[in-house]
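Here is a friendly walk through one protein model, written for someone who likes to look at empty space as well as at atoms. Open the viewer and follow along.

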Amino acid sequence: MNVTRGEIVFPHALQKQGKIISGNADIVGIYGQNGSGKTAFIQAIEFLHNLLTEQPLPHDLEQYIQLGRETMHLSFTFLAQAAREYSEIVYDVVITRHVPSALEPESTQILREQLSFQWPGKPLYTVWQYEAGKGLLPKERLDVLLQKQDREAMARVQGSAASHNLSILFSGDGVYKWLREVAEEDQWDTYAREKSLYERLRRFGFFGLYVANTNEMGLVNLNLLQPMHFYMENQAHLSGGILPISLNHPGELSEREYLWLKKIVGNMNVVLQQLIPDLQLTLSSEKQLNENGQPVYHIEFISRRNGKAIPFRYESQGIKRLVGILNVIIGAYNEPDITLAVDELDAGIFEYLLGEFLSVFREGGKGQLIFTSHNLRPLEILNSESIVFTTTDSQHRYARMENMEDGDSMRDAYYRTISLGGEERELYMATDSYELARAMRRAGQHEQA
């Protein structure tokens with residue numbers, strides 16, 4: 001990553017003056033020149049998703065640690081509402097390069113995790129901390145756990161999580177499980193209250209946090225897979241995640257997945273026809289029995305326009321992008337506990353449609369939307385609190401526009417700042433058009449030689 005230090009505070013947290021303004025959408029768009037750290041923020045959220053959902057961190061994570069540095073420090077602050085009061089949750093994680101041996105490739109390991117809570121009107125305090133080589137802290141809390149757990153069994157769980165690059169604080173067999181058992185016998189409700197926040201944070205990771213990265217676009221553009229991000233809420237059950245749908249041949253789904261997909265497509269079609277007139281998605285399916293005698297469905301996406309059907313794989317990149325995230329967008333529009341982070345939201349999407357979508361989400365949405373973009377249309381739609389710009393200073397990588405003139409559009413102000421400056425931190429590392437033309441000529445001469 002090319003971010004030495006960077007912080008983004010979301011609009012609702014900026015508005016926190018004794019209380020938080022809630023009930024409407026929380027949007028952050030990240031803008032800046034190529035290679036300036038926009039995608040790095042989306043990747044950090046993706047790492048958070050892995051940690052909260054008991055997934056290992058990426059095998060190539062060491063490549064994301066800045067050259068010349070040994071560690072990466074990520075810090076996330078969450079606001080949890082209950083009975084019109086807000087508690088704060090802070091999760092810090094430090095990841096270090098793992099020194100390889102002769103038989104091991106370079107890798108990473110979690111060096112430290114810390115989870116802190118702040119109840120309304122109370123100071124922030126550390127709930128749990130894990131340090132490689134030291135184990136769980138604070139000691140007085142560990143002693144409480146040891147009344148219910150065997151020390152050797154706890155050490156085995158910690159060792160297993162560490163070897164697989166999993167979060168120890170959010171492992172289902174680790175601290176979370178132990179805390180649940182302690183909370184059941186807690187007469188003072190201290191651990192019971194903490195368990196409640198723990199559960200909300202884990203639930204957010206599994207069912208409320210979604211990340212759409214550009215790697216998915218590569219699979220789509222090659223007509224290999226259509227990742228379908230989905231969120232569904234039934235009467236007593238939540239479902240969420242990604243359904244990978246094959247594009248180059250009929251894909252196989254279990255009966256449960258097929259029923260999910262039917263519902264997802266039905267919900268999406270209600271909105272899709274408003275975004276792209278006359279377009280509807282249908283499923284071509286064939287039910288069979290697999291080798292275990294279980295019913296499976298071989299399905300293919302079909303697009304229908306004006307009554308004519310074509311395989312979905314022949315649709316444009318922009319339509320595939322929209323379809324892949326539309327179900328979660330609908331969820332974030334209606335549910336305040338859903339966060340969707342999208343890298344290059346504007347990829348293949350018509351500029352006017354992008355603006356209309358963001359305008360509707362801003363006015364009526366309830367969840368949180370984080371996106372990067374190169375298209376500047378959102379600067380004409382969103383307010384200054386919802387737009388963050390990358391700077392040329394890696395020590396202060398993200399900043400909001402401060403020197404806005406009355407009645408000035410943010411798009412005009414951004415162009416003016418790029419050309420003339422005027423902000424506390426430089427937002428663009430200037431390119432010299434004459435030097436660029438000269439370099440092009442020199443490269444062309446080299447080709448001819």
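What is the volume of the largest cavity? In this predicted model, the largest cavity has a volume of about 90 Å³. A search over the whole structure turns up four cavities of 30 Å³ or more.

**The largest cavity**

To find it in the viewer, select the residues that line the largest cavity: E216, M217, V220, Q226, P227, Q317, K320, R321, G324 and I325. Three elements each give two or more residues to this lining, namely helix 7 (214–221), strand 8 (225–233) and helix 9 (317–334). Helix 9 makes the biggest contribution to the lining of the largest cavity, with five residues. In chemical terms, the lining of the largest cavity is a mixture: four residues are nonpolar, three are polar and three are charged.

**The second largest cavity**

The second largest cavity holds about 80 Å³ of space. Its lining is made up of L275, L322, I325, L326, I329, L345, I349, L353, L354 and F357. Here the elements that supply two or more residues are helix 9 and helix 10 (351–364). Helix 9 again gives the most, this time with four residues in the lining of the second largest cavity.

How many nonpolar, polar and charged residues line the second largest cavity? The lining has 10 nonpolar residues, with no polar and no charged ones. I325 is worth a click, as I325 appears in the lining of the largest cavity and also in that of the second largest cavity.

**A run of antiparallel strands**

Now turn to the strands, beginning with strand 2 (residues 71–82), which pairs with strand 3 in the antiparallel sense over 12 bridges. Within this pairing, F78 stands opposite I89 of strand 3. Strand 3 itself (residues 85–98) is mostly covered, with 11 of its 14 residues buried.

On from there, strand 3 is joined to strand 4 (residues 107–118) by 11 bridges, and these two strands run antiparallel. Y91 has L115 in strand 4 as its bridge partner. L115 can then be followed one strand further, since L115 also stands opposite W128 in strand 5. Taken together, L115 faces Y91 and W128.

Strand 4 and strand 5 are antiparallel as well, with six bridges between them. Strand 5 (residues 125–131) is mostly covered, five of its seven residues being buried. Next comes strand 6 (residues 135–137), which three bridges join to strand 5 in an antiparallel arrangement. In this pair, Q129 has L137 of strand 6 as its bridge partner.

**The hairpin turns**

Three of these pairings are hairpins, and the table sets out the turn of each one.

| Hairpin | Residues between the strands | Turn residue with positive phi |
|---|---|---|
| Strand 2 and strand 3 | two residues | A83, about 55 degrees |
| Strand 4 and strand 5 | six residues | G121, about 75 degrees |
| Strand 5 and strand 6 | three residues | G133, about 90 degrees |

Which residue has a positive phi in the turn between strand 2 and strand 3? That residue is A83, at about 55 degrees. In the turn between strand 4 and strand 5, the residue with a positive phi is G121, and between strand 5 and strand 6 G133 has a positive phi.

Note on methods: Residues are numbered from 1 along each chain as its sequence is written. This is a predicted model: local features need pLDDT of at least 70, side-chain atom pairs count only at pLDDT 80 or more; totals for chains, interfaces and linings use all residues. Side-chain values use heavy atoms; hydrogens and water are left out. On a 1 Å grid over the protein atoms alone, a cavity is a set of points where a 1.4 Å probe fits but cannot get out, and a pocket is an open set with protein on both sides within 12 Å along at least five of seven lines; lining residues have an atom within 4 Å of a point. Grid points are joined across faces, edges and corners, and a volume is the space filled by probe spheres set on the points. Ala, Val, Leu, Ile, Met, Phe, Trp, Tyr, Cys and Pro count as nonpolar, Asp, Glu, Lys and Arg as charged, and the others, Gly among them, as polar. Buried means under 20% relative accessible area, exposed over 50%, partly exposed in between (1.4 Å probe, protein chains only). Two strands pair if DSSP finds at least two bridges between them.
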